[in-house]
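Please look at the sequence and the structure together, and keep both in view while you read the paragraphs that follow.

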Amino acid sequence: MPSDEPGTDYAVAYAWQATLVLGVVTLVLGLILTFYPHVTVNVIAVLLGLLVLVSGLFHLIRMFGHSEAHRVWMGISGLLLVVAGVVLLRHLHLTVALIGLIIGLGWIVQGVVALITSFSGDAREGRGWWIFFGIVSLIGGIVITALPAESVTLLAALTGIWFIVQGLFEIAGGLMLRRAGHQEQATVTGPPSRPSEGAAAL
């Protein structure tokens with residue numbers, strides 16, 4: 001008996017194709033991050049510098065608006081952002097180190113919060129996991145803060161490895177969805193009907 005929902009086959013086909021494409025894209029990104037982590041980090045640093053520079057230019061343009069009430073502060077902030085953007089673009093190693101410092105400080109704060117939570121009265125269940133997570137996050141944040149540029153490059157490579165694994169799983173999942181869709185279509189369609197005896201006699 002044919003399916004009553006005409007969009008079912010299209011949905012199944014779209015699902016496995018989207019999953020397969022996502023897996024391939026993730027795999028390619030993982031390979032780039034793993035084998036070219038320094039280049040990837042530099043690209044991120046350039047994008048950050050461009051973002052700061054464009055933000056500064058936007059502030060300077062707003063300074064000349066007729067409805068702007070704080071032109072002086074807008075001009076000062078825009079000028080500072082433009083200078084910061086130029087510095088970040090001309091000295092990419094400083095930008096990479098700044099990214100590492102931000103990540104390291106974030107991990108330190110996260111570890112301290114996790115340790116405080118573990119010793120509070122609200123975390124009786126799973127206190128050991130909170131302590132373990134807090135210590136690991138705190139140690140990782142200290143290491144990244146001490147070696148920000150090298151740590152960011154290493155994190156990019158590790159992220160690439162994770163993307164490779166995730167991409168392979170997504171590709172396998174897409175192929176499994178495709179196989180399941182073909183099996184379901186074959187089940188719905190069923191084997192070809194045999195001619196009746198009367199028709200055969202005619």
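The side chain of Glu170 makes a polar contact with the side chain of Thr26 at 3.2 Å, where a polar contact is a pair of N or O atoms within 3.5 Å, of which, within protein, one must be able to donate a hydrogen and the other to accept it, and residues adjacent in sequence count only if both atoms are side-chain atoms. This is a predicted model, in which local features need pLDDT of at least 70 and side-chain atom pairs pLDDT 80 or more, while totals for chains, interfaces and linings use all residues. Residues are numbered from 1 along each chain as its sequence is written, and side-chain values use heavy atoms, with hydrogens and water left out.

Glu170 belongs to helix 6, residues 148-189, a helix being a DSSP run of H or I with at least four residues, numbered from the N terminus. Glu170 is buried (under 20% relative accessible area, with a 1.4 Å probe and protein chains only), yet has no salt bridge, that is, no side-chain nitrogen of Lys or Arg within 4 Å of a carboxyl oxygen of Asp or Glu. The nearest side chain of opposite charge, that of Arg178, is 17 Å away. Leaving aside neighbours within four places in sequence, Glu170 is in contact (heavy atoms within 4.5 Å) with Thr19, Leu22, Gly23 and Thr26.

Pro148 also lies in helix 6, and it counts as buried because its relative accessibility is 14%. Not counting residues up to four places away in sequence, Pro148 touches Ala97, Gly100 and Leu101, and its C-alpha is 8.5 Å from that of Ile103, although the two are 45 residues apart in sequence.

Terms used: Helices (H or I, at least four residues) and strands (E, at least two) are DSSP runs, numbered from the N terminus. Buried means under 20% relative accessible area, exposed over 50%, partly exposed in between (1.4 Å probe, protein chains only). Lys and Arg count as positive and Asp and Glu as negative; His and the chain ends are not counted.
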